[in-house]
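Trainee: Before we discuss anything in detail, could we bring up the sequence and the model, and then work through a few questions in order?

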Amino acid sequence: MELSPGARIAILDERVRNQIAAGEVVERPASVVKELVENALDAGAKSITVDLEEGGTRLVRVVDDGSGMGREDVELAFLAHATSKLREVHDLEHIASLGFRGEALASIGAVARCSILSKPAEAATGWSIVCEGGALGTATEAGAPRGTRIEARDLFYNVPARRRFLRQTATELGRCLDVLQRLALAHAADGGSGVAFRVTHDGKRALDVEAGMDLRARVRRLFGADLADELIEVRAQDGEVRLTGLVAPPRFARGDSTRQMWFLNGRTVRDKVLLRALKDGYHGFVFDHRQPVAFLHLAMDPARVDVNVHPQKSDVRFRDERRLFGFLVNSIREAVARTDMATPGTRLVDFAARREEREAVLPFRGGFVGGGAPRAAAEPYVVHEVAPGPGWTPESSGNRPTPRAPLPLAAAPLVQVALTYILRALEDGFEIVDQHALHERITFESLRAELARGEIEVQRLLVPELVEVDRAQVAAIAARSDELARAGILIEPFGDATLAVHGLPARLQRPRPTLIVRDIVALLEEEKTLAGEKLLEEVLHRAACRASVMAGDALSQEEMRALLDRGRHLESDQTCVHGRPTRVRFALADLERAFHRR
Ligand code: ADP
Ligand code: MG
């Protein structure tokens with residue numbers, strides 16, 4: 001590009017433009033992998049092989065058995081805005097293919113040493129072409145099997161500024177494999193056959209799924225049987241919109257979202273609305289900062305969703321988002337409630353052994369061969385922490401689930417251990433219940449149901465309970481007293497630095513007004529933005545916690561039985577409000593293993 005004296009503005013030549021545009025599409029090897037594999041899928045491939053070297057920075061090669069390209073297509077493929085998938089603007093309103101902008105190959109060709117070798121089924125011979133740093137060669141005839149082979153070598157060899165942003169091999173490889181896992185799961189067999197994927201890294205097998213494997217089989221192959229065998233199926237429909245897939249019991253939740261996958265009409269997406277729906281579907285079952293595990297496919301008329309809002313096409317925009325959101329949360333929640341939430345005794349018995357095993361075997365189970373598995377993959381998934389989360393709207397509660405848990409032996413005596421846990425015999429094992437966690441859940445769920453109906457029954461105190469706080473806290477409560485009254489909590493200022501509690505929800509078995517008020521004061525200080533239903537739910541949750549049987553409370557046989565009976569009728573008696581489990585179950589098999597009987 002030449003600048004004439006005095007000139008400040010110049011048109012960038014095409015190569016520079018492509019390098020800049022490339023930044024939108026090609027950030028790292030994983031984006032190259034995604035674009036090339038999506039092209040193969042768009043070409044109708046049934047079998048896709050991906051070979052990576054040095055985390056994809058040295059080589060990304062994608063070989064498919066799809067429709068292939070003839071000479072003219074091969075010559076056009078690397079040009080910007082060259083696409084076979086879109087002709088007119090109105091085509092954008094119903095995009096069924098994964099690609100459509102025609103900029104991926106141009107962008108990749110601008111920042112790597114690329115080549116295409118391709119042959120359509122009906123052609124006698126194939127054609128190949130090279131594109132290095134945006135410089136396109138001429139097409140030459142070449143022998144080739146049906147389908148396409150595209151290579152991208154030495155990514156960013158001509159753009160040092162971008163090369164510097166590339167991470168270590170293990171990190172880049174991890175991202176490539178994450179993309180490939182998602183694509184492999186998005187194209188699992190479902191009725192008919194799916195797409196086979198075979199991936200190598202530096203010559204070693206890194207991921208392998210056969211065409212006939214369905215979603216569960218692929219999850220088993222990629223992430224192990226422990227997870228795959230516990231997944232519960234989701235199948236729901238709202239008009240033309242269909243949701244299918246698998247959700248994991250809450251105890252599989254983890255610190256990262258690598259096992260959280262949404263597919264929209266075969267496209268792998270990370271859309272905010274969908275991720276929110278998943279989070280809300282699990283609300284109250286998992287600790288707020290942990291990420292549930294689920295693999296979900298949403299199918300809808302392409303005209304009802306705009307996929308052209310994000311350069312990497314991962315965010316989308318739905319028409320009628322509110323209705324869709326409610327449908328998703330309900331369907332997911334209904335399925336989550338059907339999962340087995342009790343922590344199986346196996347996890348405790350085998351835990352130490354399994355951790356060692358996991359560390360040894362991990363390289364393949366986590367989708368890796370060779371070193372450099374990300375730490376997250378090794379994380380145990382029985383961790384449950386305590387923390388409150390923002391509320392989930394009670395109206396959207398799903399259908400009643402069919403409990404999968406084995407039945408308790410009705411006549412067997414109950415045993416209280418350490419004044420904290422209740423032990424009871426089941427048909428095929430026994431169960432340990434955390435008395436506080438269960439009672440809190442029961443109380444909270446009843447209050448939440450009353451709140452949803454708008455009729456929390458209030459028990460007025462004969463003599464108001466006075467609680468000393470500071471002036472600011474009096475003001476904070478006074479400002480919210482109408483809202484709190486809706487939750488059945490009647491508090492009013494009583495002088496400068498005192499609050500008077502006049503009433504509490506009747507449901508609270510052993511109300512402790514002072515503790516409840518202090519909790520609410522603290523809540524308002526911590527969560528200044530909390531309002532409306534979410535605030536009230538959180539308030540009720542704290543009240544339920546304070547008013548429940550505590551660890552350390554002695555319980556009679558009758559009290560224990562009444563508590564367990566009430567728990568059985570709840571949709572979500574299996575975790576406490578914080579997502580901690582309320583029960584641990586030892587099946588016969590766990591006992592046999594513990595005693596080395598098998
Ligand atoms: P887009 O996918 O948005 O159309 P790309 O730059 O990714 O744009 O690809 C450009 C064109 O090259 C595609 O429209 C398609 O016609 C052709 N193409 C790319 N990869 C393949 C492939 N693996 N098999 C057949 N055709 C391909
Ligand atoms: Mg494409």
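Mentor: Let us begin with a cut-off: a residue counts as buried under 20% relative accessible area, as exposed over 50%, and as partly exposed in between. Please keep in mind throughout that this is a predicted model.

Trainee: Is Thr-83 buried, partly exposed or exposed?

Mentor: Thr-83 lies in the loop between α3 (71–76) and α4 (104–111). Its relative accessible area is 23%, and the class in between the cut-offs runs from 20% to 50%. Thr-83 is therefore partly exposed.

Trainee: How far apart are the C-alpha atoms of Thr-83 and Asp-73?

Mentor: Along the chain, Thr-83 and Asp-73 are ten residues apart. In space, the separation between their C-alpha atoms is 9.2 Å.

Trainee: Moving on to the helix after that loop, how many of the residues of α4 are buried?

Mentor: The buried residues in α4 include Ala-104, Leu-105 and Ile-108, and Gly-109 and Val-111 are also among them. The helix is mostly covered, and the count of its buried residues is eight of eight.

Trainee: How are α2 and α4 oriented to each other, roughly parallel, roughly antiparallel, roughly perpendicular or oblique?

Mentor: The axes of α2 (residues 29–42) and α4 come within 10 Å and cross at roughly 140 degrees. Angles over 145 degrees count as roughly antiparallel and those from 65 to 115 as roughly perpendicular, so a crossing at roughly 140 degrees belongs to neither class. The two helices, α2 and α4, are therefore oblique to each other.

Trainee: Which residues of α4 make the contact with α2?

Mentor: On the side of α2, the contact is made by Val-32, Glu-35, Leu-36 and Asn-39. By class, the contact of α2 with α4 has one charged, one polar and five nonpolar residues. From α4, the residues that make the contact are Ala-104, Leu-105 and Ile-108.

Trainee: Turning to another helix, is Leu-523 buried or exposed?

Mentor: Leu-523 is found in helix α16 (residues 513–526). Its relative accessible area is 1%, and the cut-off for the buried class is under 20%, so Leu-523 is buried.

Trainee: Which residues is Leu-523 in contact with, leaving aside its neighbours within four places in sequence?

Mentor: One of these partners, Val-539, is 16 residues from Leu-523 in sequence, with 7.8 Å between their C-alpha atoms. With those neighbours left aside, the residues in contact with Leu-523 are Leu-530, Leu-535, Glu-538, Val-539 and Arg-542.

Definitions and conventions:
Residues are numbered from 1 along each chain as its sequence is written. Chains are lettered from A and ligands numbered from 1 in the order in which they are written. This is a predicted model: local features need pLDDT of at least 70, side-chain atom pairs count only at pLDDT 80 or more; totals for chains, interfaces and linings use all residues. Side-chain values use heavy atoms; hydrogens and water are left out. Helices (H or I, at least four residues) and strands (E, at least two) are DSSP runs, numbered from the N terminus. Buried means under 20% relative accessible area, exposed over 50%, partly exposed in between (1.4 Å probe, protein chains only). Axes are lines fitted to C-alpha atoms, for helices over the stretch in contact, and angles run from 0 to 180 degrees between N-to-C directions. Angles under 35 degrees count as roughly parallel, over 145 as roughly antiparallel, 65 to 115 as roughly perpendicular and the rest as oblique. Contact means heavy atoms within 4.5 Å. Ala, Val, Leu, Ile, Met, Phe, Trp, Tyr, Cys and Pro count as nonpolar, Asp, Glu, Lys and Arg as charged, and the others, Gly among them, as polar.
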